[in-house]
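User: I am new to this structure and would like to understand the labels used for it. Could you take me through the reasoning behind them?

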Amino acid sequence: MSYDNDNIFARILRGDLPCHKVYEDADTFAFLDIMPRSDGHLLVIPKTPARNLLDASPAQMAAVMATVQKLSRAAMQAFGADGVTLQQFNEAAGGQEVFHLHFHVLPRKDGQRMRPPGTMADSDLLAGQAEKLRAVLA
Ligand code: AMP
């Protein structure tokens, strides 16, 4: 399986598609999921091409995991969460829909179930949540 340079997240990285950006460093980028399954549901991706965990290099994994940890802590604070769920899918059979490596970070409150997938969030709502996260990270 090869990497498709025109996948949605590659286009976001190039600036060809908009996103609600939360964080970026030399190697990684993070933005809000447009169909959030919890408030503050965000995605962390490497800036360099990797289809998923199966072809990613150890360096890409290390960089992405450092950002996942940083943003998990920030999301806990920004959303008053009691815990964080991470999700990561590999290939269609593994549940992957966008073929650029990404980790889902889902802040959760005690007893709160994740919302079902597939409902688009209001863009203004996401803009406010991204702002909240950026403020914690500043
Ligand atoms: P999966 O590959 O199964 O992890 O699913 C891809 C995830 O990307 C889903 O949670 C989608 O809601 C999310 N997604 C798809 N397109 C966009 C986009 N343009 N901006 C932000 N999130 C997206």
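Analyst: In this predicted model, a search of the whole structure finds two aromatic pairs. One of them joins Phe9 and Phe31, whose ring centres are 5.2 Å apart, with 80° between the planes.

User: Why is the pair of Phe9 and Phe31 called edge-to-face?

Analyst: Ring centres must lie within 6.5 Å to pair, and planes over 60 degrees apart count as edge-to-face; with 5.2 Å and 80°, Phe9 and Phe31 meet both conditions, so the label follows.

User: What does the pair of Phe9 and Phe31 tie together?

Analyst: Phe9 belongs to helix α1 (residues 8-14) and Phe31 to strand β2, so their pair ties together parts that are 22 residues apart in sequence.

User: What makes the pair of Phe29 and Phe31 tilted?

Analyst: Their planes form an angle of 45°, at 5.9 Å centre to centre; because this angle is neither under 30 degrees nor over 60, the pair counts as tilted. Ring pairs thus link Phe9, Phe29 and Phe31 into a cluster.

User: How do you know whether Phe9 and Phe31 are buried or exposed?

Analyst: Buried means under 20% relative accessible area; Phe9 has 7% and Phe31 has 3%, so both residues count as buried. Phe29 is buried as well.

User: Why is Met35 called partly exposed?

Analyst: Its relative accessible area is 32%, which lies between the limits of 20% and 50%, so Met35 is partly exposed. Met35 is found in the loop between β2 (28-32) and β3 (42-46), and together with Ile34 and Met120 it forms a nonpolar surface patch with about 280 Å² of accessible area.

Note on methods
Residues are numbered from 1 along each chain as its sequence is written. This is a predicted model: local features need pLDDT of at least 70, side-chain atom pairs count only at pLDDT 80 or more; totals for chains, interfaces and linings use all residues. Side-chain values use heavy atoms; hydrogens and water are left out. Patches are made of residues with over 30% relative accessible area and no salt bridge: like charges are joined within 9 Å, nonpolar side chains (Val, Leu, Ile, Met, Phe, Trp, Tyr) within 5 Å. Accessible areas come from the Shrake-Rupley method with a 1.4 Å probe; for residues, only the protein chains shown count as cover. A salt bridge is a side-chain nitrogen of Lys or Arg within 4 Å of a carboxyl oxygen of Asp or Glu. Helices (H or I, at least four residues) and strands (E, at least two) are DSSP runs, numbered from the N terminus. Buried means under 20% relative accessible area, exposed over 50%, partly exposed in between (1.4 Å probe, protein chains only). Rings of Phe, Tyr and Trp (its six-membered ring) pair if their centres lie within 6.5 Å; planes under 30 degrees apart count as stacked, over 60 as edge-to-face and the rest as tilted.
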